[in-house]
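Take a walk through this model, one stretch at a time. Keep the sequence beside you as you read.

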Amino acid sequence: LEKHPVIFSKVLALQGSIFEDLGSYDLAIEYFTESIDICKANKDTNGLSDMYSRIGNVRYLMGENDLALQTYEDALELERIKGNRMGEMMSLCQMGLVELQRGNHKAAQNAHEDALAIAKEDRMNRGIADNEMYIGRICLEVGDADSALIHFENAYEIWEVPGIKIRMGQTLLGMARAYYALGNERAFLAKA
């Protein structure tokens, strides 16, 4: 396998993912890092941005938000160089989640709004709905229930078409929370 660096780096990534699923985060990072070294040596930018995202996800799960943010920023830079709009949108979305975890509501909202703009331009319905939902959550946390309700309603309209029940439920719950914050008990009970 070592004679085939792209395959070898993918095998390392797969092993890292298995350790991540098992909760062995240190081992996952070790395998992802080894894969990164191979990707760098072979100028494999696709593999490199993927590994940065994977390490960011593990760091996020470990609560190492500063390191997670740094790796998502590295992934974002590579996605922009490659012109991969989907990857750029996903990196921004992940950065928003980390910033929210850190309590940086403004930075989180900015990242999700940038991701939302890309999703809208490229008609990525799932990206639109996810980022609308995340922005809705941020609005709720900062006490802007009116805006939160609009974002949750926008997300619900998208999830309703394919009928994705779990996402519909999540957005209905967000709408219920927004109605509760607005003091509209009847609407809250209807959505809850």
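Helices (H or I, at least four residues) and strands (E, at least two) are DSSP runs, numbered from the N terminus. Thr-71, for instance, sits in helix 4, which covers residues 65–82.

The model is predicted: local features need pLDDT of at least 70, side-chain atom pairs count only at pLDDT 80 or more, and totals for chains, interfaces and linings use all residues. Residues are numbered from 1 along each chain as its sequence is written, and side-chain values use heavy atoms, with hydrogens and water left out.

How far can the model be trusted? The term pLDDT is the predictor's confidence in each residue, from 0 to 100. The chain has a mean pLDDT of 92, and 96% of its residues reach 70 or more. Among the elements of the chain, helix 6 has the highest mean pLDDT, 98. Helix 10 (residues 185–191) has the lowest, 71. Where pLDDT is low, the predicted coordinates should not be read in detail.

Now return to Thr-71. Its relative accessibility is 11%, so Thr-71 counts as buried (under 20% relative accessible area; exposed is over 50%, partly exposed in between, with a 1.4 Å probe and protein chains only). Which residues does Thr-71 touch, not counting those up to four places away in sequence? They are Tyr-52, Ile-55 and Gly-56. Contact here means heavy atoms within 4.5 Å.

Go back to helix 1, residues 5–21, where Ser-9 lies. Ser-9 is buried, at 4% relative accessibility. Leaving aside neighbours within four places in sequence, Ser-9 is in contact with Ser-35, Ile-38, Cys-39 and Asp-44. One of these partners, Cys-39, is itself buried, with a relative accessibility of 2%.

Next come two loops. Lys-43 is in the loop between helix 2 (25–41) and helix 3 (45–61). Its phi is positive, about 50°, although Lys-43 is not a glycine. Is Lys-43 buried or exposed? Lys-43 is exposed, with a relative accessible area of 71%.

Arg-123 lies in the loop between helix 6 (105–121) and helix 7 (125–141). Arg-123 is not a glycine either, yet its phi is positive, about 55°. Arg-123 is exposed, with a relative accessible area of 72%.

Follow the chain into helix 7. Its 17 residues should span 24 Å, because the expected span is 1.5 Å times one less than the number of residues. The end C-alpha atoms of helix 7 are 25 Å apart, which agrees. Of those 17 residues, 13 are buried, so helix 7 is largely enclosed by the rest of the structure. After helix 7 comes Gly-143, whose phi is positive, near 90°.

What about the cysteines? The structure holds 0 disulfides. A disulfide is a pair of cysteine sulfur atoms within 2.5 Å. Why does Cys-139 form no bond with the closest cysteine sulfur? That sulfur, in Cys-93, is 15 Å from the sulfur of Cys-139, too far for a bond. Cys-139 is buried, at 3% relative accessibility.

Finish in helix 9, residues 165–181, where Met-168 is found. Met-168 counts as buried, at 11% relative accessibility. Leaving aside neighbours within four places in sequence, Met-168 is in contact with Tyr-156, Trp-159, Glu-160 and Gly-163. Met-168 and Ala-107 are 61 residues apart in sequence. In space they are 26 Å apart, C-alpha to C-alpha.
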